[in-house]
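Reader: I'm new to reading protein models and I'd like to know where the labels come from. Could you take me through this one?

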Amino acid sequence: MTETTQTSSNNNSRRFAAVIGVVISIVFLVIAFRGLQPQDFMSSLSDVNVGLLLVGALTYFIAVVVIAWRWQFLLQSVQSVPLTDLTKIVAIGYMGNNVYPLRAGEALRLFLLKRNHDMPITSSATTVVVERVFDGIVMLSFILIGLFLLDVTSQQIQQILQFAVPIFAIAVIVFFVLASFPKALRGLIVRLASILPERLETVALDLSESILIGFGSLRSPLHLIGAVVTSYSTWAIEAGVYWIVMQAFDLQLSYPVALLVVGTVNLAGLIPASPGQVGIYEFFVSSVLIAVGIGETMALAYAVVVHIVIWLPITLVGFFFLIQYGLGWSAISNANALNKDDNPSDGGD
């Protein structure tokens, strides 16, 4: 297969996946908004405390700084990067995920690390995978805490648990084994690579070394503790944003409800969807609120507003930082290709 043909095939696959995501989002939007009375919906929005919404939006930026701090801990085994730079890159990544399909923001922030700090793509990509594992652990914890402290029976939450628990249980075991026994992993890779053609063997060994470097921070007690503490802290702050918006609606709900909402909606993010989880987000947020006794119309109004609070400000700020770095929209759409050029398997350095 020629390089042009392979590129065309990859582009077609990405387009197909993006279309599937949009279709899934539309299905969830239809389910979430079915039977909605527009007049009642607008009435639910009329008494919202706008000042508290602004407080929630500002609080969300604190969570972004803390999540950048976590990334700093995970990157220490590769290279030390200033927190200010990482915060800007994380904001750009969030913006990319919010406006482009297939979580293009992740590829964009890896590209920016490479461009601005000469960070190896494979090693930094490994830390992003580790981030997702930590996020999964935190989300499951939040759901279990919420279910323990609240009297909630929700089919949607049970389905999310049944779907996500096996995935993250396996992921946690695999990643901590990889992090804990690098020599054994390296030996296994060397044996497997030896049966490959010479060029592929070299590529496999180069990739494995970069991946092992990316796992390095998990073998440092200080960096591991820092990553765990900041993981729980950033999501606890984000749950605080959800709780603040609940107060803006005068819903009189407790903080554990916010934990339950955050855990459920983020694990639901495993479901392919359009950028920003449109549809899936509204469905699962409103489902949790309905499960704790909030009316359907009010629950959906809350879901729409809290989605705007955590989507719009960070998207605008991320785009501002993107322009500050001298880039534009094309950088988002081309990020995957830019990263691919740096991959050893494609003849990069």
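Author: Sure, starting with one term: a contact means heavy atoms within 4.5 Å. In this model, which is predicted, residues 24 or more positions apart account for 75% of the contacts in the protein chain with a separation of 6 or more.

Reader: What makes up the chain, in helices and strands?

Author: There are 15 helices and 0 strands in the protein chain. Of its 349 residues, 46% are buried.

Reader: Let's look at a pair of helices. Why are α3 and α4 called roughly perpendicular?

Author: Look at the angle: the axes of α3 and α4 cross at roughly 115° and come within 8 Å. Angles of 65 to 115 degrees count as roughly perpendicular, so that is the label this pair gets. The crossing of α3 past α4 is right-handed.

Reader: Which residues make that contact?

Author: On the α3 side, they include Tyr60, Val64, Trp69 and Trp71. From α4, Leu83, Leu86, Ile89 and Tyr94 are among them. By class, the contact of α3 with α4 has 13 nonpolar, 2 polar and no charged residues.

Reader: And why are α3 and α6 called oblique?

Author: Here α3 (residues 50-75) and α6 (residues 121-149) have axes that cross at roughly 125° and come within 10 Å. Roughly perpendicular stops at 115 degrees and roughly antiparallel needs over 145. An angle of roughly 125° fits neither label, so α3 and α6 are oblique to each other. The crossing of α3 past α6 is right-handed.

Reader: What makes the contact there, by class?

Author: The contact of α3 with α6 has 7 nonpolar, 2 polar and 4 charged residues. Arg70 of α3 is one of the residues making it, and so are Glu131, Arg132 and Asp135 of α6.

Reader: What makes something a nonpolar core?

Author: The members are buried nonpolar residues such as Leu or Trp, joined through side-chain atoms within 4.5 Å. The largest core here has 67 residues, and Trp71, Tyr242, Met246, Leu289 and Tyr302 touch the most other members. Several helices supply at least two residues each, including α3, α4, α6 and α10 (221-248). The biggest giver is α13, with 11 residues.

Reader: Which residues does Leu289 touch, leaving aside its neighbours within four places in sequence?

Author: Leu289 is in contact with Met246, Leu251, Leu253, Val261, Ile294, Ala299 and Tyr302. There's also a second, separate core of 5 residues, with Leu74, Val130, Phe134 and Leu218 among them.

Reader: How do you know whether Ile137 is buried, exposed or partly exposed?

Author: Buried means under 20% relative accessible area and exposed means over 50%. Ile137 has 25%, so it counts as partly exposed. Ile137 lies in α6, and its C-alpha is 9.7 Å from that of Val228, although the two are 91 residues apart in sequence.

Reader: Why is Asp118 called exposed?

Author: Asp118 has a relative accessible area of 54%, and the cut-off is over 50%, so it is exposed. You'll find Asp118 in the loop between α5 and α6. Its phi is positive, about 55°, although Asp118 is not a glycine.

Reader: What about Asp250: where does it lie, and what is its phi near?

Author: Asp250 lies in the loop between α10 and α11. Its phi is near 55°, a positive value in a residue other than glycine. With 52% relative accessibility set against the over 50% cut-off, Asp250 therefore counts as exposed.

Methods
Residues are numbered from 1 along each chain as its sequence is written. This is a predicted model: local features need pLDDT of at least 70, side-chain atom pairs count only at pLDDT 80 or more; totals for chains, interfaces and linings use all residues. Side-chain values use heavy atoms; hydrogens and water are left out. Axes are lines fitted to C-alpha atoms, for helices over the stretch in contact, and angles run from 0 to 180 degrees between N-to-C directions. Helices (H or I, at least four residues) and strands (E, at least two) are DSSP runs, numbered from the N terminus. Angles under 35 degrees count as roughly parallel, over 145 as roughly antiparallel, 65 to 115 as roughly perpendicular and the rest as oblique. A crossing is left-handed if the near helix is turned anticlockwise from the far one by less than a right angle, and right-handed if clockwise. Ala, Val, Leu, Ile, Met, Phe, Trp, Tyr, Cys and Pro count as nonpolar, Asp, Glu, Lys and Arg as charged, and the others, Gly among them, as polar. Buried means under 20% relative accessible area, exposed over 50%, partly exposed in between (1.4 Å probe, protein chains only).
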